[in-house]
Amino acid sequence: MTETATAKPIVGGINAALGFALEVAMVSAFLFWGFKQDSPWHLILGIGVPAVVVVFWGAFMAPRSDRRLPTAMVRYLALGLFLAAALALISVGSAVLGGIMAVLAVANFVAALLLKQ
């Protein structure tokens, strides 16, 4: 077995773990962004936006969903949602966290393309 054949599952596992961490960070970012809005919108956006994202993700993007979208579409939608969450963080003054999330989202997307995940 070559080093490349051995490394691919390890790198794939690391990228999958990064993807899960980005999912959690995305929901947290939308929650944080929502609660930073003016009253009474902070309650509606702080609870509503993350709830809608979680339901959408679970229905159409989760690996075991019966209505899962094609893999390529899931990959692009995930990147879009991760970048939207990064922009949400930047818009409420957390530019460093938003920037880190954006860089990690793009790295996850590129790695998923290269690994055909």
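Across this predicted model, confidence is lowest in helix α1 (residues 3–35), with a mean of 90, and highest in α3, with a mean of 97; the score is pLDDT, the predictor's confidence in each residue, from 0 to 100. The protein as a whole averages a pLDDT of 93, and 96% of its residues score at least 70. As a reminder, where pLDDT is low, the predicted coordinates should not be read in detail.

A word on conventions. Residues are numbered from 1 along each chain as its sequence is written. Because the model is predicted, local features need pLDDT of at least 70 and side-chain atom pairs count only at pLDDT 80 or more, while totals for chains, interfaces and linings use all residues, and side-chain values use heavy atoms, with hydrogens and water left out.

**Overall picture**

The secondary structure comes to four helices and zero strands, and from the N terminus on the elements run α-α-α-α. Helices (H or I, at least four residues) and strands (E, at least two) are DSSP runs, numbered from the N terminus. Taken along the principal axes, the C-alpha atoms fill a box of roughly 60 × 35 × 15 Å. Of the 117 residues, 29% count as buried, where buried means under 20% relative accessible area, exposed over 50%, and partly exposed in between (1.4 Å probe, protein chains only). Among contacts with a separation of 6 or more, 53% come from residues 24 or more positions apart; contact means heavy atoms within 4.5 Å.

**Two helices side by side in a table**

The expected span of a helix is 1.5 Å times one less than its number of residues.

| Helix | Residues in helix | End-to-end C-alpha distance | Expected span |
|---|---|---|---|
| α2 | 20 residues | 27 Å | 28 Å |
| α3 | 21 residues | 30 Å | 30 Å |

In α2, the buried residues are Gly46, Pro50, Val53, Trp57 and Ala59. The buried residues of α3 include Val74, Leu81, Phe82 and Leu89.

**The α3–α4 pair**

The axes of α3 (residues 71–91) and α4 (residues 95–115) come within 7 Å and cross at roughly 170 degrees. That makes α3 roughly antiparallel to α4, a term for angles over 145 degrees (under 35 is roughly parallel, 65 to 115 roughly perpendicular, and the rest oblique). Here axes are lines fitted to C-alpha atoms, for helices over the stretch in contact, and angles run from 0 to 180 degrees between N-to-C directions.

From α3, residues including Tyr76, Phe82 and Ile90 take part in the contact, and α4 contributes residues including Met101, Asn108 and Phe109. By class, this contact has 17 nonpolar, three polar and one charged residues. Ala, Val, Leu, Ile, Met, Phe, Trp, Tyr, Cys and Pro count as nonpolar, Asp, Glu, Lys and Arg as charged, and the others, Gly among them, as polar.

Asn108 deserves a look of its own. This α4 residue counts as buried at 11% relative accessibility. Not counting residues up to four places away in sequence, Asn108 touches Asn15, Leu18, Gly19, Leu22 and Phe82.

**Loops and backbone details**

Pro40 is found in the loop between α1 and α2, and a cis peptide bond with omega of about 0 degrees joins Ser39 to Pro40. Just after α3, Gly93 takes a positive phi of about 95 degrees. For context, most residues other than glycine have a negative phi, and most peptide bonds are trans.

Pro63 lies in the loop between α2 (41–60) and α3 and is exposed, with a relative accessible area of 71%. Pro63 and Val74 are eleven residues apart in sequence and 9.7 Å apart in space, C-alpha to C-alpha.
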